[in-house]
Amino acid sequence: MVPGVSIIEATIGEAQDGMRLDKALAELVPDLSRERLKALIVDGQVTSSGRAPNPSLKVTIGQAFAITLPPPVEAEAVAQNIPLAIVHEDADLIVIDKPAGLVVHPAAGNLDGTLVNALLHHCQGQLSGIGGVARPGIVHRIDKDTSGLLVVAKSDRAHEGLAQQFAAHSIDRLYAAIVYGAPQPAAGMVDTWIGRSDADRKKMAVYREGRGKHAVTHYRTIQKLRGAALVECRLETGRTHQVRVHMTHLGHPLIGDPVYGRERKGFKSILETLGFKRQALHAKRLGFIHPVTGEALSFDSQFPADMQELLSELHV
């Protein structure tokens, strides 16, 4: 195999029988967008029994496809002097309290001004190379408009060890969310499968078992508010937009969420007065075993000012 090239194998199931090839593969491989898959098919990077089909091919149960992913060509991130709230730092890793509005790593539309750019300046390039030139040291991420804690690897050994803990779901991740309404029951578990939405590929959606990725969130109501509630969500898995999707699935979307939440009556003036323009979500706690020293580490982050103001405004 050519270095840097990876191959994903996918077999058509009952749910995809009769679909176009590009749509079927988008369901089976949710990490790749339908447009990306279509481009790979057109480029001859998707084969079945050695043949390269068209994107419009109607697939049947049991058909097996091999998707060849060429090595990504990434733009190298540049160091930028951007202030960081550092919670912990040692030779192998650094824990950051990220403000809302800061993108984690460069991508289309955000080529600089990201957390990676800031880390390259602060760490003087001493970040794990496993994530590639655009994502050095990045083991996990939180959304641009979510605030709170995340850990970044400075050494490859730390990167590998942390990645293993994330894969094993042994990382302690606790999020605080302010949601519309009050969940009933007040505490519980959401156990679903999450995948790309058919209607909007930028969104995630809840599906039946076997489609997308298994996602489990444990939630607990901490405080009832005026027309809302403060909820803690402990992640057993870490899927894209997991808390936002699961709370919406329960019928209690996050206040201010522009993607999954619809603004409810009486809240528009409150949010406008406060200037609150993001989903009310904060990565409150992060705990893990130090991948090099073996020490158990746990960090907590206080609410940023905007979420504290929202809580005060909605206090009963």
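Hi everyone. Let me start in the middle of the chain, at E232, which is found in strand 11. Before I go on, please keep in mind that this is a predicted model.

So, is E232 buried or exposed? E232 has a relative accessibility of 11%, so this glutamate counts as buried, the cut-off being under 20%. Leaving out residues up to four places away in sequence, E232 touches L174, Y175, H218, Y219, R220, I222 and K284. There is also a pair to look at here: E232 and V243 are 11 residues apart along the chain, and their C-alpha atoms are separated by 9.8 Å.

V243 takes us to helix 5, which spans residues 242–249. How many residues of this helix are buried? Six of the eight are, and the helix is mostly covered. The buried ones are Q242, V243, R244, V245, H246 and M247. And what covers them? The cover includes strand 7 (172–180), strand 8 (187–196) and strand 9 (204–207). It also includes strand 10 (213–225), strand 11 (228–235) and strand 12 (281–289). If you step just past the end of helix 5, you meet G251, which takes a positive phi of about 90°.

Let's stay with strand 7 for a moment, since A177 is found there. The relative accessible area of A177 is 0%, and this alanine is buried. Its contacts, setting aside neighbours within four places in sequence, are A229, L230, V231, L254, A280 and L281. Take A229 from that list: A177 and A229 are 52 residues apart in sequence, yet their C-alpha atoms are 8.2 Å apart in space.

Now for the annotated position. Where does UniProt place the feature "active site"? The record puts it at D143, and the entry is an unreviewed one. D143 sits in the loop between helix 3 (115–122) and strand 6 (147–153). With a relative accessible area of 22%, D143 is partly exposed. Not counting residues up to four places away in sequence, D143 touches K98, H241, R244 and Q279. You'll remember R244 as one of the buried residues of helix 5.

Another aspartate for comparison is D92, in the loop between strand 4 (86–89) and strand 5 (93–98). D92 has a relative accessible area of 17% and is buried. Beyond four places in sequence, D92 touches V152, A153, K154, S155, A158, H290 and V292. D92 also makes a pair with R157: 65 residues apart in sequence, 7.8 Å apart in space, C-alpha to C-alpha.

Next, the helix pair towards the start of the chain. Two packed helices are described by the angle between their axes and the distance between the axes. For helix 1 (residues 21–28) and helix 2 (residues 34–42), the axes come within 9 Å and cross at roughly 125°. The two helices are therefore oblique to each other, and their crossing is right-handed. Which residues meet? From helix 1 we have L21, D22, K23, L25 and A26, and from helix 2 we have R34, L37, K38 and I41. Sorted by class, that contact has five nonpolar residues, four charged and no polar ones.

I'll finish with a few backbone details, for those of you who like to check torsions. The peptide bond from Q184 to P185 is cis, with omega near 0°. P185 is in the loop between strand 7 and strand 8.

Then there are residues with positive phi that are not glycines. S49 has a phi of about 55°, and it lies in the loop between strand 2 (46–47) and strand 3 (64–69). S49 is exposed, with a relative accessible area of 77%. H169 has a positive phi near 60°, and its place is in the loop between helix 4 (156–167) and strand 7. H169 is partly exposed, at a relative accessible area of 35%.

That's my tour. Thanks for listening, and I'm happy to go back to any of these spots on the screen.

How values were computed. Residues are numbered from 1 along each chain as its sequence is written. This is a predicted model: local features need pLDDT of at least 70, side-chain atom pairs count only at pLDDT 80 or more; totals for chains, interfaces and linings use all residues. Side-chain values use heavy atoms; hydrogens and water are left out. Axes are lines fitted to C-alpha atoms, for helices over the stretch in contact, and angles run from 0 to 180 degrees between N-to-C directions. Helices (H or I, at least four residues) and strands (E, at least two) are DSSP runs, numbered from the N terminus. Angles under 35 degrees count as roughly parallel, over 145 as roughly antiparallel, 65 to 115 as roughly perpendicular and the rest as oblique. A crossing is left-handed if the near helix is turned anticlockwise from the far one by less than a right angle, and right-handed if clockwise. Contact means heavy atoms within 4.5 Å. Ala, Val, Leu, Ile, Met, Phe, Trp, Tyr, Cys and Pro count as nonpolar, Asp, Glu, Lys and Arg as charged, and the others, Gly among them, as polar. UniProt positions are given in the numbering used here, feature names are shortened, and annotations may be inferred rather than shown by experiment. Buried means under 20% relative accessible area, exposed over 50%, partly exposed in between (1.4 Å probe, protein chains only).
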